[in-house]
Amino acid sequence: MANYTFLYDLKTPETTWRGSGKHTWPSGKVASEAGLITDAVGPHGLYWFLDTIMHEVPEEMRATWQMPHYHVHGYETFFVDSGSLYLFINGQRVLCKPGDIVHLQAGQAHGMLFMEETKWRGTYHDFEVYPENTDIGRVKQFMPELKDDPELNALAYRGEMDSVVLPEPFVYKDVPVEQCLAVKHMDRPHASYEFPGCSVKVLVERWENGGTKELIGAVCEPGFTAEWVKYPKLRELLYVRKGKVKFTILGQEIIADDECILDIPRFAPHKLEVLEKAEIYDVVGQSYWSLFLQAYNSICTLNPDKKTPEYIEKLKKRFDIQIDKIGMK
Ligand SMILES: [Fe+2]
């Protein structure tokens, strides 16, 4: 029997995490645990998804703890799925809660203070790997006498995650999360497009991702169905954050409920049926949904005569839209 993992149920990390790493506080208490779900692929390192549990920052460290840093080339998008944290960004401090999505751009300084245990699910791209730490570790392994050499240690100014730690803490203003441009939410999309049984929301635009990808979310009612083109050209990672959805992928029936990632390989015929009201995200966002939906909405509003099946088909091809049909059961 052929073998491929279509579904990663993040509710059960013990069966889902393919590799994991831990960081600890100086006291030895666990600070964070990260599990690899899917690997980075290709020149932009797309499809990389990590499931992380961030533990609360110890009480005595909270007054000053910020983790100020930026990533040289990398972008990161985090789903806050439990707990809470303060995000420091753009001179603001905002409290993020479950349902929020934190989007951080290359070169954008940011910091976090986790107030309680938080499910912090991330997808990343354009993270260059600068393995200076690994290379410096090797020097020290062979030549332990250089362990404290400041000249050698100074060569590792970037961390493992393409990141640079900032030397000074942020000065910030406390503002409501709705005022923070880096925090996205299904209730505050850039744009929202309504279809029977489905509301499609543009959450992170391509221009917020260096032109590489977008984040589209859909809120779907029970009975909503979608069928992809016969052989979709793009692999997709879909995140069913809430609800219950029946997928049929390569003839396999798969039920996804809360906190499930679907990894759907390219050329795989597939479709879905929503069983219970669901929130679904296209995590790697390669199709140009935002532009397609703008064009579609423009036709419907300004030029309804143009709305022929042939022209819509042409637009779909132009914007790499892989869904063939939607409807209600
Ligand atoms: Fe970061």
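Met-67 is partly exposed, because it has 15 other C-beta atoms within 10 Å. On that scale a residue is buried with 20 or more other C-beta atoms within 10 Å of its own, exposed with 12 or fewer, and partly exposed in between, the C-beta atoms being placed from the backbone. Met-67 belongs to the loop between strand S4 (48-54) and strand S5 (69-71). Strands (E, at least two residues) and helices (H or I, at least four) are DSSP runs, numbered from the N terminus.

A word on the model before going on. It is a predicted one, where local features need pLDDT of at least 70 and side-chain atom pairs count only at pLDDT 80 or more, while totals for chains, interfaces and linings use all residues. Residues are numbered from 1 along each chain as its sequence is written.

Back to Met-67, whose backbone is worth a look: its phi is near 55°, a positive value in a residue other than glycine. Most residues other than glycine have a negative phi. Here are some positive-phi residues side by side.

| Residue | Phi | Place |
|---|---|---|
| Met-67 | near 55° | loop between S4 and S5 |
| Asn-90 | about 50° | loop between strand S7 (85-89) and strand S8 (92-96) |
| Leu-250 | near 50° | hairpin of S19 and S20 |
| Asp-320 | about 55° | just after H5 |

Asn-90 counts as partly exposed, since it has 17 C-beta neighbours inside 10 Å. Helix H5 (residues 309-318), the one that Asp-320 follows, is hardly covered: zero of its ten residues are buried.

Now for the overall layout. The protein chain is split into domain 1 (7-127 + 162-184) and domain 2 (191-328), with bounds from an automatic or database domain assignment. Taken over C-alpha atoms, the domain centres are 26 Å apart. Where the two meet, 23 residues of domain 1 are in contact with 22 residues of domain 2, contact being C-beta atoms, placed from the backbone, within 7 Å. Several strands supply at least two residues each to the domain 1 side, among them S3 (30-38) and S11 (118-125). By type, that side has eleven nonpolar, seven polar and five charged residues. For this count Ala, Val, Leu, Ile, Met, Phe, Trp, Tyr, Cys and Pro are nonpolar, Asp, Glu, Lys and Arg are charged, and the others, Gly among them, are polar.

The largest nonpolar core has 68 residues, and Leu-87, Val-102 and Ile-261 are among those with the most contacts inside it. Such a core is a set of buried Ala, Val, Leu, Ile, Met, Phe, Trp, Tyr and Cys residues joined through C-beta atoms within 7 Å. Strand S19 (residues 236-249) gives the largest share, seven residues. Both domain 1 and domain 2 contribute residues, so this core lies between them. Leaving aside neighbours within four places in sequence, Ile-261 is in contact with Tyr-8, Leu-10, Ile-37, Phe-49, Leu-237 and Tyr-239.

S19 also pairs with strand S20 (residues 252-257), antiparallel, over six bridges; pairing takes at least two DSSP bridges. Within that pair, Lys-244 stands opposite Asp-257.

There is also an open sheet of seven strands with antiparallel pairing, in the order S2-S3-S4-S11-S6-S9-S14. Its edges are S2 (20-24) and S14 (183-184), each pairing on one side only. Inside the sheet, four bridges join S6 to S9, and Glu-76 has Leu-104 as its bridge partner in S9.
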